[in-house]
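Trainee: Could you take a close look at the aromatic rings in this one for me? I'd like to know how they pair up, and then what sits around them.

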Amino acid sequence: MSESAQLVLASRSPRRADLLRQLGMSIRICPADISETLNSTLSLADAIEELARRKAEAVRDPDTAGLPVLGADTLVVLGGSVLGKPADPEQAADYLRRLSGSRHEVLTGVAVAGGGKVLSCLHCTRVHFRALQEEEIQRYVASGEPMGKAGAYGIQGLGGVFVDRIEGSYTGVMGLPVAETASLLRHFGIRIP
């Protein structure tokens, strides 16, 4: 681990790592090895925040060298249904057809664990998709970008052309709302430049 690391990221998400680095953070990546099954006894909002907490708490010393650990998870919710990471191109196309011309919510839970405490928050961004043509959906799915992304799109990539507008955090849709994350990190003595 780098001597200057300030934080451990309990995630494989390259987007989360990039966002933290863009904030000037030096990080170590140590993905949490836990089940990502949501607690069905909780609301979706509470379940995604609880999952972020479990991720942050799962990565412990000696892996962290005493550094705070950040865990996060993101859900795309349309009409009460969760649109996770598509299993195959057909499911990706189905998700995009469902999102076409509608509004959905992106819920991101963020948690930081360290020094015997865990703090967490939940951020919700409402995303409005314009109506999509089937040809657009097929071209986008063929690009490969939808795979591995909740809701089958990446707002920071080609999928951004489908977004008419958002209400909330752009970076929250990417998987890490930076304002809320910076607020949590301040409680652990980490200041964003």
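Mentor: Let's start with the count: this is a predicted model, and it comes to 3 aromatic pairs. Take F129 and F162 to begin with. Their ring centres are 6.0 Å apart and the planes sit at 55°, so this pair is tilted. Along the chain the two are 33 residues apart, with F129 in strand 6 and F162 in the loop between helix 4 (134-143) and strand 7 (163-167), so the pair links distant parts of the chain. Are these two rings buried or exposed? F129 has a relative accessibility of 4%, which is under the 20% cut-off, so F129 counts as buried. F162 comes in at 3% and therefore counts as buried too.

F162 also has Y140 as a partner, and that pair is edge-to-face, at 5.1 Å centre to centre with 90° between the planes. Here again distant parts of the chain are linked: Y140 is in helix 4, F162 is in the loop between helix 4 and strand 7, and 22 residues separate them. Both Y140 and F162 are buried. Put the ring pairs together and you get a cluster made up of F129, Y140, Y153 and F162.

Now for what touches that cluster. L99, found in helix 3 (residues 89-99), is in contact with two of the cluster's members, F129 and Y153. Leaving out residues up to four places away in sequence, L99 also touches L78, L83, H104 and G151. Its relative accessibility is 0%, so L99 counts as buried. For a sense of distance, the C-alpha atoms of L99 and V110 are separated by 25 Å, although the two are 11 residues apart along the chain.

While you're in the loop between helix 4 and strand 7, have a look at A152, which lies there as well. What is odd about its backbone? A152 has a positive phi of about 70° although it is not a glycine. With a relative accessible area of 0%, which is under 20%, A152 is buried.

One further ring deserves a mention, this time for a charge. K117 lies over the face of F188, 4.9 Å from the ring centre.

Strand 6, where F129 sits, leads us on to helix 2. Strand 6 (117-129) is one of the elements covering the buried residues of helix 2, and strand 3 (69-78) and strand 5 (103-114) are others. Which residues of helix 2 are buried? They are A47, I48, E49, L51, A52, K55 and A56. A general point helps when you look at that list: an α-helix has 3.6 residues a turn, so residues three or four places apart point the same way. You can also check the length of helix 2. At 1.5 Å a residue, its 15 residues (44-58) should span 21 Å, and the end C-alpha atoms are 21 Å apart, so the two agree.

Strand 3 turns up again at the largest pocket, where its 5 residues are the largest share of the lining. That pocket holds about 570 Å³ of space and is lined by 32 residues, with R15, R16, K85, G148 and A150 lying nearest its centre. The elements giving two or more residues to this lining are helix 1 (14-22), strand 3, strand 4 (81-83) and helix 5 (170-174).

Two prolines round off the tour. P177 is in the loop between helix 5 and helix 6 (178-186), and at a relative accessible area of 0% P177 is buried. Setting aside neighbours within four places in sequence, P177 is in contact with T108, V110, H123, S169, T171 and G172. Its C-alpha atom is 24 Å from that of G116, a residue 61 places away along the chain.

P31 is in the loop between strand 2 (27-29) and helix 2. P31 has a relative accessibility of 29%, which falls between the 20% and 50% cut-offs, so P31 counts as partly exposed. Not counting residues up to four places away in sequence, P31 touches L9, A10, S11, R12 and V59. From P31 to G101, 70 residues apart along the chain, the C-alpha separation is 35 Å.

Notes:
Residues are numbered from 1 along each chain as its sequence is written. This is a predicted model: local features need pLDDT of at least 70, side-chain atom pairs count only at pLDDT 80 or more; totals for chains, interfaces and linings use all residues. Side-chain values use heavy atoms; hydrogens and water are left out. Helices (H or I, at least four residues) and strands (E, at least two) are DSSP runs, numbered from the N terminus. The expected span of a helix is 1.5 Å times one less than its number of residues. Buried means under 20% relative accessible area, exposed over 50%, partly exposed in between (1.4 Å probe, protein chains only). Contact means heavy atoms within 4.5 Å. Rings of Phe, Tyr and Trp (its six-membered ring) pair if their centres lie within 6.5 Å; planes under 30 degrees apart count as stacked, over 60 as edge-to-face and the rest as tilted. A charge sits over a ring if NZ of Lys or CZ of Arg is within 6 Å of the ring centre and within 35 degrees of the ring normal. On a 1 Å grid over the protein atoms alone, a cavity is a set of points where a 1.4 Å probe fits but cannot get out, and a pocket is an open set with protein on both sides within 12 Å along at least five of seven lines; lining residues have an atom within 4 Å of a point. Grid points are joined across faces, edges and corners, and a volume is the space filled by probe spheres set on the points.
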